[in-house]
4 protein chains.
Amino acid sequence: MLTTHPFDDDHLHEECGVFGIFGHPEAAAHTALGLHALQHRGQEAAGLVTYDGRQFHHHRGLGHVEDNFGNEAVIRKLKGTSAVGHVRYSTTGETLLRNVQPLFAEMEFGGLALGHNGNLTNAMALRRQLVRRGCLFQSTTDTEVIIHLIAISLYSTVEERLIDALRQVEGAYSLVALTPDSVIGVRDPLGIRPLCLGRMEKGWVLASESCALDIVGAEFVRDVEPGEIVILSAEGVRSVKPFAKTASRFCVFEYIYFARPDSVVEGVSVYGVRKRIGAELARESAVAADVVVPVPDSGVPAAIGYAAEAGVPFELGIIRNHYVGRTFIQPTDSSRHTGVKMKHNANRAVLEGKRVVLVDDSIVRGTTSRKIVEMVRQAGATEVHMRISSPPTTHSCYFGIDTPERSKLLAARHDVEGMAKLIGVDSLAFISLDGLYRAVGEPGRAASAPRFCDACFTGDYPVRPTDHLASESGDAEQMSLLTEDIG
Amino acid sequence: MLTTHPFDDDHLHEECGVFGIFGHPEAAAHTALGLHALQHRGQEAAGLVTYDGRQFHHHRGLGHVEDNFGNEAVIRKLKGTSAVGHVRYSTTGETLLRNVQPLFAEMEFGGLALGHNGNLTNAMALRRQLVRRGCLFQSTTDTEVIIHLIAISLYSTVEERLIDALRQVEGAYSLVALTPDSVIGVRDPLGIRPLCLGRMEKGWVLASESCALDIVGAEFVRDVEPGEIVILSAEGVRSVKPFAKTASRFCVFEYIYFARPDSVVEGVSVYGVRKRIGAELARESAVAADVVVPVPDSGVPAAIGYAAEAGVPFELGIIRNHYVGRTFIQPTDSSRHTGVKMKHNANRAVLEGKRVVLVDDSIVRGTTSRKIVEMVRQAGATEVHMRISSPPTTHSCYFGIDTPERSKLLAARHDVEGMAKLIGVDSLAFISLDGLYRAVGEPGRAASAPRFCDACFTGDYPVRPTDHLASESGDAEQMSLLTEDIG
Amino acid sequence: MLTTHPFDDDHLHEECGVFGIFGHPEAAAHTALGLHALQHRGQEAAGLVTYDGRQFHHHRGLGHVEDNFGNEAVIRKLKGTSAVGHVRYSTTGETLLRNVQPLFAEMEFGGLALGHNGNLTNAMALRRQLVRRGCLFQSTTDTEVIIHLIAISLYSTVEERLIDALRQVEGAYSLVALTPDSVIGVRDPLGIRPLCLGRMEKGWVLASESCALDIVGAEFVRDVEPGEIVILSAEGVRSVKPFAKTASRFCVFEYIYFARPDSVVEGVSVYGVRKRIGAELARESAVAADVVVPVPDSGVPAAIGYAAEAGVPFELGIIRNHYVGRTFIQPTDSSRHTGVKMKHNANRAVLEGKRVVLVDDSIVRGTTSRKIVEMVRQAGATEVHMRISSPPTTHSCYFGIDTPERSKLLAARHDVEGMAKLIGVDSLAFISLDGLYRAVGEPGRAASAPRFCDACFTGDYPVRPTDHLASESGDAEQMSLLTEDIG
Amino acid sequence: MLTTHPFDDDHLHEECGVFGIFGHPEAAAHTALGLHALQHRGQEAAGLVTYDGRQFHHHRGLGHVEDNFGNEAVIRKLKGTSAVGHVRYSTTGETLLRNVQPLFAEMEFGGLALGHNGNLTNAMALRRQLVRRGCLFQSTTDTEVIIHLIAISLYSTVEERLIDALRQVEGAYSLVALTPDSVIGVRDPLGIRPLCLGRMEKGWVLASESCALDIVGAEFVRDVEPGEIVILSAEGVRSVKPFAKTASRFCVFEYIYFARPDSVVEGVSVYGVRKRIGAELARESAVAADVVVPVPDSGVPAAIGYAAEAGVPFELGIIRNHYVGRTFIQPTDSSRHTGVKMKHNANRAVLEGKRVVLVDDSIVRGTTSRKIVEMVRQAGATEVHMRISSPPTTHSCYFGIDTPERSKLLAARHDVEGMAKLIGVDSLAFISLDGLYRAVGEPGRAASAPRFCDACFTGDYPVRPTDHLASESGDAEQMSLLTEDIG
């Protein structure tokens, strides 16, 4: 059962993860495993398409990968030696089945399945043109624009048509595509979302993160480069770079929160970055304290780094209940902490009488932070100092991350002091932008040519958000005329 | 649960029924009722689209109308004062959700929902052309061709685009379409499938059969004419006749078996026709007998007519179990009648020691007939004479009826005597073609210009079956590259 | 989905059917078939217990037999060569899973499964005694009393314990029991509910009605006698008659409505009785008419009998929609006939301008009859004469039939003339008690020693309804302290 | 969907958790929350019974608490101001719905619901006696024995009957019972399983662990004492101690693994004990190393304690995937680590080139440990030293913990050196018994009168395992003659 989230967990959410495999006799089973390893990138739906040399096979559904693919009968039907898969987190309350990826289309040259991580910034504008031409859209996803552009392209090979289509789209995209002959991986010219290539004893794989290579026992080969198309086929791996070379702008939030700590992205260990952010924080914003306590699970690596650097004991002062708990009724007389307590409980034995440094990865709306601080104080903490392993989140993301409107972002409305007061802490500090860049291995942020996309902290968008600007100027339209249900 | 049919019930199956309503505050609830009354025209899936002045709402699913629409929450979500609905019987074992109608598309001018009863005979040819142009098909239905033709039409109004599309398609179609402003009904120029217009206190309705008008309390106005387009809108009902006038060819099998006996189609009572066929049979093929026994339920009216004409008592010598029973395991040691007995049981009290006239509507493969005859004999009948209320079914239908390949039709391989022997009856007779025409109120069959489509008995197809001929010449292709499942 | 019945179909309902089989390698599959044939005796739940020589296997569920047993995996798990099964119609809105029979218990001597058709009239009184003793009841069924009486009996064999238990219970019961060594059939001393014995090539069967023998290909041997216990075991069939011989009182309503027309009960064809009732009615209450029309399906045989006797044509003036249709929303503006029209539609072609004799089996509340009459008039009938194939239903049944309280029975509150007025007919007549007895083959009703239980027409109860009298004197108690749900 | 566990996670499993509440207007909602906090004590089924002053309401089902109670409609039906709930982990593959607790029975004095954490050691013997007497068992749980003993007790009040029953049972039990007037908590005389009492603004609660008090905002009052019965009623809390005082023997494994780290049991913080065990381990079995890495999540607190004591950095060298992943197909060609990798992945950035101390809570079969060690080595660790925060598990538990047979326990078959070799580590050490006792705050283990039940490490059972001995002497019998399914 898909549920509403009565208790805001106040995190940004990655919108998708992708996986592809070519030339392996158990393509579907490995793709299911790979998607399971990428489950943190999207929990609302999962889909998988295989090709068996004659036919494509498609299975998709709402819910987790295991709900849909942890079933022998399903996997057995997904015949073939090549496959692409997708996990999805949708930004809207309504999660439509017809939006679950990979999308599939039958074209003149045969079938094509496509999975997309990222977000196109001119999808609405392109969609309008395509509809005018008579193209019929099945979904409300930006991804379908690419499909239609391929279908109507006047070029003849899939590869040429794909390039033709990509030349027209703007924004962030890491794609996996399945054709009768190949599995294709693409990263947008800025390389905003991750995608890496791995090798198995039999066949090749593509995945959003290296942790998905680990689960299938694939060897990490390299990241797909920004602007690169890699084509896995019977001839091996071929690389095409159809775009003019530009400086890349990888999403820095992947390091802070989205990616799994055991992944290595763009050559850097995510866990290592997080620990170094913690150490930077300890140096930038030292405070006298008895214990360093992470808000689990995302705050743990930074807290370890902070504790080691500061020489203050690292303690599990908040215990996380890993059983989900989102749909419980909140009793009317309950303290307003019940929501938080579904997931987190204060460990009084650690907190009582202590000066506590609380380490968390980010503050979005601030609602959860306030409750956690109050819970920590009720458990007896004498001081609570919050340290955040990202700079203040002040702007929305248009490149594939679910962010609230700016007006709901706490840091867009208050300065740090104001935020500290609202959250109820004795002190509050965020990692500096330069500290963040140092933790990833840069000397600091080069304002003229920043190495990463950090628009959520700076408003410095690497691509013009065409549709967003149109919508602000009142030019927007309803994405779909249809509400749809399946009985 | 959708089930296989382990026990062939050996009937031809209608493939669809449609219903539309305009200008009624409870459009969805009435459409659900109307579809329920048309349930006999399609039991594998049902769908309903409404328009609320701003948005379309779609609900569909596999199974019966009640399974999908007998639920207040579902109906409440289907807001609006206009609606179209569809029930579907699919010809293949695989019933795909994406094929469930009404189909819906968003076009430049807004949304369009379309439900179709019938079958286009040049859909494959058109589909190939459209795909070559870059059109992406969502379904494997012939109906979607019409949608794309509308989408790419260079005309501007829905009405003009629809006419433009219909000029390109061949075959049988009774359509209901829902647009933001109207509900549109269409019958193909030959009027092969039925469609009628009714009036309610508030608003207008379209339905495949008049029995669906009865259930919603609508008054029968008239049949939509062959080649006519009726447009129900705020201005009332408008009629357009864009096609050159041709002689109509209504499907005579609608009278014999498909339509409900309480429907009046093309001005004639279905029940009345069936009784008159029985009377004709009694005159054409009299035999000395003690009882006239229908194979229930479809054989009942003809048996009443036969019994009255022949002066032989009408008796329920076979009792039908109306609980479904298709999925039971057939015990290995069971007599081969178990399949038949799920549905029919001999009423020994009526049959024992009697000369029996068995009346059935048709013989397709003959498998069920043979078992029923054997069951009747085991119950003590001394003679079994079978009378069939249709001529021998010798040809396949390409206009919306699920027929086996010719090679599986008993009458295509054997003469009447041979059939009698195989079925195990003492005598067998079919209604003559002229007798059938007389029963419907014609003087007989005018060979040069027959009043009805009777191709399944004569092979005289009123429209060239383009796709079928292409497929016979080896030109056919796979309808879809995709198998699809939803978890 | 189990649904409420928004549209009262205004019939009495049989509460159960039972089936048992001993010594057959496919015991479960045959029992499922047998229960399917008995589906008309109970549609709310079904259960089946087998014994494989070592263990009992139990499967049960709400809904139809096919919903629960039309599944190979389920049948394959129900191993063993002996089985008992049960279909249930519950009298209360709440259908509890824990009440679904057969009930099962593990006793000192081993396991025992028990299925019951009928109703015990002193179950509440016995239950109170047993609870006082420390017996824990799992269900709210009267049947469980028998189980506990067996468990605490001081006799040692199952047979002796069963007899010990039966000596304490009063009321109507046809039982099938499964023990490690045998399948046992029992009929109460008055033989109120039916039970018959059949023989298969391998093994023996017991069934509520002979139609269930037909479906499994068993030969009818004989009815189990009132007060008889038959024990099917490896030694064959053994009969025990532990009760003093009394005159039997078979339920006459089984002939009128409950039993299937193709069943032969107590040596008499049900179909034959119904036709003879029709003929009696035609003689007793003749009226000038143009057509005789049954209310389908239950009124059909009597209408055939009436029409033949009266020399008036039999016509299907009302067409039944066999698709269920109970859960549809009734549009607010619909005529009050929508409920009835879900199931029945007038066939105008037959009714218009005609004097109609409508034949139905009974009138309970009269609500449906009134709507049907109005529908028939609206279809153009000039006169409507209703003929009922049972005497007026004036009393409740305590022996296994779901009857409304007396105050809701139309015939308990009005004389025939008053009823005719309320229902809106030109004339109304019921079969006389003597006519009914004649139709079953008796000379008439012997008031001092009637051959049948006809208490619903006469109030002449063959057994004192102990619990009912206690409940009327305010001595009743809540049947269960528990409401229960399974997630 | 309940699934098999293809990938042994090789932990002992707690079998149950209980929760009770009296005098609160939202009893069901709070009980659901409490059970959610106790979810780690049983994940296979959950049940909840409330009493509304007139009736009991029961809901139960297989799966997690949220699956069954995270639904407003369910909670709304569970009316009343008192409730008891239960989470269950069953020891057998077959999880029967009829075994899901709380069990409920209607007795002479009214209804009684009972939830049980622990295991009775003479249940089989008592069951045999009760069945002989005519008692019918519904479940195969030991708990039902208590219900029947209460039902047949000759005492009159619930309290007296309960004491009468408890005097006959042996073994471990923490019980919550719901009666019309009260909620009752019981701990067995040895206090083997935990149970604590909390106070809310309105009403009182009982819970297996204090973390369940936290989630409902209840204040911790005290542990229920070994051998104590506490009665929560309109009169407040009353305590009864019907048993002779004996030295208590709380289960020490609750500290090591079962209880949540944020719980305080028997006055001692679970998290604190685990950290102190880690410190003891560091002192007892020091080794030169570069990093201390926990096997997450259970090994984390001990690893923190070890790292702090040893002065070696604590690092997340193994990352846990919290999405379940048990039902995925293991591809045939996958390395044998796939099973482990569903849940754990090596964090190469931390492990490569390092001497690693791996900290885990216990070794049961050793299968998972071996795979984890191999995975850690493949990620580049140069040395792997395993430290276990419990003594070697050499004996089975009969008091409510799911342990494999002795022959499957690695420590029962091998000495530490042999285990080290099998698991593939450079060194292996377990905490000593005395070290364990010190970590809980005792001076050491008093061999003559140990403070805890530590039978799984010592074989020193505090209660004679009657049924187990009978079963070893071949006296055992099948627990149930019935397999049961619900459709």
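Leaving aside its neighbours within four places in sequence, which residues is Cys16(A) in contact with? In this predicted model, the partners of Cys16(A) are Arg41(A), Gly42(A), His86(A), Val87(A), Arg88(A), Tyr89(A), His116(A), Asn117(A) and Gly400(A). UniProt, in an unreviewed entry, lists Cys16(A) under "active site". The residue sits in strand E2 (residues 16-22) of chain A. Cys16(A) counts as buried because 24 other C-beta atoms lie within 10 Å, where 20 or more are needed.

**A second annotated spot in chain A**

Let us stay with chain A for a moment. The unreviewed UniProt entry also carries a "binding site" annotation, and it covers Ser298(A), Asp360(A) and Asp361(A). These residues span 64 residues in sequence, yet no two of their C-alpha atoms are more than 7.0 Å apart, so they gather at one spot.

Ser298(A) lies in the loop between strand E18 (291-294) and helix H10 (300-310) of chain A. With 19 other C-beta atoms within 10 Å, Ser298(A) is partly exposed. Beyond its neighbours within four places in sequence, Ser298(A) is in contact with Tyr257(A) and Asp361(A), the latter being another residue covered by the "binding site" annotation.

Asp360(A) belongs to strand E21 (residues 355-360) of chain A. Asp360(A) is buried, with 24 other C-beta atoms within 10 Å. Leaving aside its neighbours within four places in sequence, Asp360(A) is in contact with Val295(A), Gly299(A), Ser369(A), Met386(A) and Ile388(A).

**An open sheet in chain B**

Now for a look at chain B. Here an open sheet of 6 strands follows the order E6-E7-E8-E9-E13-E14, with antiparallel pairing. Strand E6 (103-107) and strand E14 (236-240) of chain B are at the edges, and each has a single partner strand, so one side of each is left without a neighbour in the sheet. On average, neighbouring strands of this sheet are turned by 20° against each other, direction ignored.

One pairing can be followed in detail. Strand E9 (residues 182-187) and strand E13 (residues 229-233) of chain B run antiparallel and are joined by 5 bridges. Val183(B) has Leu232(B) as its bridge partner in E13(B). A helix also meets this sheet: helix H5 (residues 143-152) of chain B lies across E6 and strand E7 (110-120) of chain B, and runs at about 10° to E6(B).

**How chain D meets its neighbours**

What does chain D offer to each of the chains that it touches? The table sets out the two sides.

| Side of chain D | Contact residues | Top contributor | Composition |
|---|---|---|---|
| Touching chain A | 53 residues of chain D with 53 residues of chain A | H1(D), 6 residues | 26 nonpolar, 19 polar, 8 charged |
| Touching chain C | 37 residues of chain D with 37 residues of chain C | E4(D), 6 residues | 15 nonpolar, 14 polar, 8 charged |

On the side of chain D that touches chain A, the elements that each supply at least two residues include helix H1 (27-37), helix H9 (270-284) and helix H10 (300-310) of chain D. On the side that touches chain C, strands also take part: among the elements that each supply at least two residues are strand E4 (56-62), helix H4 (123-132) and strand E26 (482-486) of chain D.

The contact between chains C and D includes strand pairing. Strand E4 (residues 56-62) of chain C and E26(D) pair in the parallel sense over 5 bridges. Within this pairing, Phe56(C) has Leu482(D) as its bridge partner.

**Symmetry, and the chains that do not touch**

A turn of 180° and a shift of 0.0 Å along the axis lay chain D on chain C with an RMSD of 0.0 Å. The two copies are thus related as by a two-fold rotation axis. In chain D, Cys135(D) has the C-alpha nearest the axis, 3.2 Å from it. The same surface serves both copies, as 100% of the contact residues of chain D recur in chain C.

Finally, two pairs of chains stay apart. Chain A and chain C do not touch, and their nearest C-alpha atoms are 13 Å apart. No contact joins chain B and chain D either, and their closest C-alpha atoms lie 13 Å apart.

Terms used. Residues numbered from 1 in each chain as written. Chains lettered and ligands numbered in written order. Predicted model: local features only at pLDDT ≥ 70, side-chain atom pairs only at ≥ 80, totals over all residues. Pairing = 2+ DSSP bridges. Helix = DSSP H or I, 4+ residues; strand = E, 2+ residues; numbered from the N terminus. Axes fitted to C-alpha atoms, helices over the stretch in contact; angles between N-to-C directions. Contact = placed C-beta atoms within 7 Å. UniProt positions renumbered as here; feature names shortened; annotations may be inferred. Buried ≥ 20, exposed ≤ 12 C-beta atoms within 10 Å, placed from the backbone. Nonpolar A, V, L, I, M, F, W, Y, C, P; charged D, E, K, R; others polar. Least-squares fit on C-alpha atoms with pLDDT ≥ 70 in both.
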